[in-house]
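Colleague: I would like to go through this model and ask, term by term, why each label applies. Please answer from the definitions.

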Amino acid sequence: MKREDTVITCIACPNGCDIKVSFAEDGSIAKLEGYKCKNGITYATAEVTAPERILTSSVAVVGGEFKLASVKTSKPIPKGMMKDAVKALYSVKVNAPVKVGDVLVENILGTGADIVSTCVVEKV
Amino acid sequence: MDICIDKDLVIVGGGPAGLAAAITAKENGIDDIVIIERDKYAGGVLRQCIHDGFGLQMFGERLTGPEYAARYEEKAKELGIEIKLNTFVLDITGDKIVRTVSPDDGMVFYKAKAIVLAMGCREKSRPAIMLTGERPAGVYTAGLVQRLINIDGFVPGKEAVILGSGDIGLIMARRLTLEGVNVKAVYELMSYSSGLKRNIVQCLDDYGIPLYLDHTVVNIHGKDRVTGVTVAKVDEKKQPIPGTEEYVQCDMLVLSVGLIPENELSKGAGVELNPVTGGLFVDDNMSTNMDGVFACGNVVHVHDLVDFVTIESNNAGKCAADYIKGKKNEGEAIEVIPENGVRYVVPSTVHKNCDRKTADFMFRVGKVYKDARITVYDGDRLVRSFKKSILTPGEMEKIKLAQMDIDSASQLRIGIEE
């Protein structure tokens, strides 16, 4: 089925390119215009097929200099699952120390993405 | 008796600016450095900015704030740079004595050969925008909410209205939503958002949060706790239009209404401030009007991207190191003057006959321009012009001029022509 042409604002970097997406008769992407780099192609394509986002949030730390460790998903997850993923993290508690890059939860909600620490929390 | 310690370089502030300046100074041969940080951790505001999008310029990666900060903290640690945490600077005197106080060390004075000011900026709060109404609990600045949620693990409300569409406000609209808060709307006084376009997309549009331009909060309700706010549409003069008032129920009002450079210490020391921005006048060596006092980052002017803070601070660290080593910039300096819609330019003076190919100039415009030109004049002579499809107050502009152009000029005026 033919889809109406749409404009996607790329969020890959602060340039915020407006990318015009035109569709073919069968609903596939016919043309992309207005991007400045290849990230724009990847982003706009995903956005009109299966939109995904990197999730950033935090998890509780036990015995650390800070109460929380900031985290992110190791790769983008479906946009519709962001809230559920944050909820799932409420029950997670990790022990200090935590280093940048530590995997704190594997395969969150079956998305294939891990929850990875983005900060350092020393043990106290 | 108070202790006075001699130091080559004292850096005030352990955020991204202070860390980068310290690292570069160290790499340029200065060993005797101390960073003074009032918080219990280094990294500044980055530590609470847990969202990603930092570091695209510096590392070509989309890092989160804490990751970006950790890279510089680790580097500083590796180089053995001393960071005094929980330490507050009381004042800086004209002869470069930095007086500090901390719970661990009490009063400690540092006598510095050079100082780098890297105090960053702070948020405008309710009195700054003269919001009328009751004075209940539940009125917060966006950065405070960010700290409460991301550092202290405490969500301070259930239903939020956000006033101001600066980047922190937009980022917090998303963060609050993900933490289960019902974010009713974002209201913006101006006809445009001062936030980055991609933040409007991924923070508001993604979650169906409406953005009302030309709107403001005219009243706050609630005796002990915020129970709601009255919002209204504004006219061209930004005055509320009678009859457009609407009541919105909420238990928190989040303010994202602008940032101002934190320059109380600079003022006390006698450093000259730019009255337009509250920032500092610096030359192309990031030197202030005070001999041996340098500055970088948001204390000079508020940046959109930390990457540019780092680049600027590397320059400040390098120039402070040169100063300590006795290398002086002997060349003649010329003035750089903003005009025609340009609010300020950093640097405000630039040296001639320097050993470099180009020099960077950063500035902001006062309103939105479409299909305009950035013009650089020396007297009546057009030195350079740059075509721009769009210029907005929300995005810092950066232009490069060839050193040749600077060498042949007696003054540079940077403006916008439509």
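Modeller: Between chain A and chain B, 4 salt bridges cross the interface. First, some ground rules: this is a predicted model, in which local features need pLDDT of at least 70, side-chain atom pairs count only at pLDDT 80 or more, and totals for chains, interfaces and linings use all residues. Residues are numbered from 1 along each chain as its sequence is written, chains are lettered from A and ligands numbered from 1 in the order in which they are written, and side-chain values use heavy atoms, with hydrogens and water left out.

Colleague: Why is the pair B:Asp206 and A:Lys79 called a salt bridge?

Modeller: The term requires a side-chain nitrogen of Lys or Arg within 4 Å of a carboxyl oxygen of Asp or Glu. The closest N and O atoms of B:Asp206 and A:Lys79 are 3.3 Å apart, so the pair meets the rule.

Colleague: Which elements of chain A each supply at least two residues to the side that touches chain B?

Modeller: They are β5 (56-62), β6 (68-73) and α2 (82-89). Helices (H or I, at least four residues) and strands (E, at least two) are DSSP runs, numbered from the N terminus. By class, that side of chain A has 17 nonpolar, 7 polar and 7 charged residues. Ala, Val, Leu, Ile, Met, Phe, Trp, Tyr, Cys and Pro count as nonpolar, Asp, Glu, Lys and Arg as charged, and the others, Gly among them, as polar.

Colleague: How many residues does each chain bring to the contact, and how much area is buried?

Modeller: Chain A brings 31 residues and chain B 32, where contact means heavy atoms within 4.5 Å. The two chains bury about 2,600 Å², 57% of it on carbon and sulfur atoms. Buried area is the accessible area (1.4 Å probe) that two parts lose on being put together, summed over both.

Colleague: What makes B:Asp52 and B:Arg62 a salt bridge?

Modeller: Their closest N and O atoms are 3.0 Å apart, and the structure holds 38 salt bridges over all chains. B:Asp52 lies in strand β3 (residues 52-54) of chain B and B:Arg62 in the loop between β3 and β4 (63-64), so the pair ties together parts that are 10 residues apart in sequence.

Colleague: How are α3 (residues 142-150) and α4 (residues 167-178) of chain B packed?

Modeller: Their angle is about 35° and their axes are 9 Å apart. Axes are lines fitted to C-alpha atoms, for helices over the stretch in contact, and angles run from 0 to 180 degrees between N-to-C directions. Residues making this contact include B:Val145 and B:Ile149 of α3(B) and B:Ile171 and B:Met172 of α4(B).

Colleague: Why is A:Leu109 singled out?

Modeller: Most residues other than glycine have a negative phi, and most peptide bonds are trans. A:Leu109 has a positive phi of about 50° although it is not a glycine. A:Leu109 lies in the loop between β9 and β10 (115-117) of chain A.

Colleague: Which peptide bonds are listed as cis?

Modeller: One runs from A:Ala96 to A:Pro97, with omega near 0°. Another joins B:Val346 and B:Pro347, where omega is about 0°. A:Pro97 lies in the loop between β8 (93-95) and β9 (103-105) of chain A.
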